[in-house]
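User: I'm new to this one and would like to get my bearings. Could you walk me through it in questions and answers?

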Amino acid sequence: METILSMASTAKAFLVGDTDVYFWALCAAIALSYISSVVSAFISNSFSATKGLVVLGKKLLLFLVLIAGTVLDNLFGLNGVLRTAVITICVLNEFGGFISNLSDCGVEIPAILQNFINTAKASTEATDVSSGSNT
């Protein structure tokens, strides 16, 4: 049993790195974004279990992004720089979604944050149109 726990701990350290403040910030950002999206869907009467599972699946895929960043960071000996950058980008993206969900729920958002959301949405829409994405 001790060997199995040791192997699991080693695998976790290799795949996601330390469970440091960055890791927990990512977990918190994902949770806040998901919970706020569910509440927003309930308020707008557009909630469905299928949509909820799809959103949850997308949130969990962020951990694959973290794994890829951590593995590449280890491969190139970057001492956590790439991992931290990947987590930071994911956290900012999730907090942007969280703030957008709050706005959709009717929570008044400060103008500077609202401008950030509008700019991010416009940028995303422009990227989706230029790449031919249908998501």
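Analyst: Happy to; what follows is a short tour of this predicted model, taken one question at a time.

User: Let's start with helix 2; how far apart are its end C-alpha atoms?

Analyst: Helix 2 covers residues 21-43. With 23 residues at 1.5 Å a residue, it should span 33 Å. The model agrees with that, as the end C-alpha atoms of helix 2 are apart by 32 Å.

User: Which helices cover the buried residues of helix 2?

Analyst: Quite a list of residues is buried here, including F23, A29, I30, S33 and V38. L26 belongs to that list too. The cover over the buried residues of helix 2 includes helix 1, helix 3 and helix 4.

User: Is L26 buried or exposed?

Analyst: L26 sits in helix 2. Leaving aside residues up to four places away in sequence, it touches F63, L66, I87, C90 and V91. Its relative accessible area is 0%, and the cut-off for the label is under 20%, so L26 is buried.

User: And how far apart in space are L26 and T70?

Analyst: In sequence, 44 residues separate L26 from T70. Going C-alpha to C-alpha, their distance in space is 14 Å.

User: What does helix 3 reach from its first C-alpha to its last?

Analyst: Helix 3 runs over residues 49-75, which is 27 residues. At 1.5 Å a residue, the expected figure is 39 Å. The modelled helix 3 is close to that, with a reach of 39 Å.

User: Which helices cover the buried residues of helix 3?

Analyst: The buried residues in helix 3 are G52, K59, L62, L66, G69, T70 and D73. L66 is also one of the residues that L26 touches. The cover over helix 3's buried residues includes helix 1 (2-16), helix 2 and helix 4 (81-104).

User: Are helix 1 and helix 3 roughly parallel or roughly perpendicular?

Analyst: Their axes are 6 Å apart and the packing angle is about 90°. Angles of 65 to 115 degrees get the label in question, so helix 1 is, relative to helix 3, roughly perpendicular.

User: How many residues of that contact between helix 1 and helix 3 are nonpolar?

Analyst: Helix 1 brings F14, L15 and V16, while helix 3 brings L66, I67, T70, V71 and N74. None of the contact residues is charged and two are polar. The nonpolar ones number six.

User: Which residue just after helix 2 takes a positive phi?

Analyst: Most residues other than glycine have a negative phi. In the loop between helix 2 and helix 3 there is a residue with a positive phi of about 55° although it is not a glycine. It is exposed, with a relative accessible area of 72%. That residue is N45.

User: Where is N79 found?

Analyst: N79 is another residue other than glycine with a positive phi, near 55°. It is exposed, as its relative accessible area is 76%. Helix 3 is followed by G77, which has a positive phi near 60°. As for N79, its place is the loop between helix 3 and helix 4.

User: Last one: how many disulfides does a search of the whole structure find?

Analyst: A disulfide is a covalent bond between the sulfur atoms of two cysteines. For C27, the closest cysteine sulfur is in C90, 11 Å away, so that pair is too far apart for a bond. C105 is partly exposed, with a relative accessible area of 23%. Over the whole structure, the number of disulfides found is zero.

Note on methods: Residues numbered from 1 in each chain as written. Predicted model: local features only at pLDDT ≥ 70, side-chain atom pairs only at ≥ 80, totals over all residues. Heavy atoms only, no water. Disulfide = S-S within 2.5 Å. Buried < 20%, exposed > 50% of the residue type's maximum accessible area, 1.4 Å probe, protein only. Helix = DSSP H or I, 4+ residues; strand = E, 2+ residues; numbered from the N terminus. Contact = heavy atoms within 4.5 Å. Expected span 1.5 Å × (residues − 1). Axes fitted to C-alpha atoms, helices over the stretch in contact; angles between N-to-C directions. Parallel < 35°, antiparallel > 145°, perpendicular 65-115°, else oblique. Nonpolar A, V, L, I, M, F, W, Y, C, P; charged D, E, K, R; others polar.
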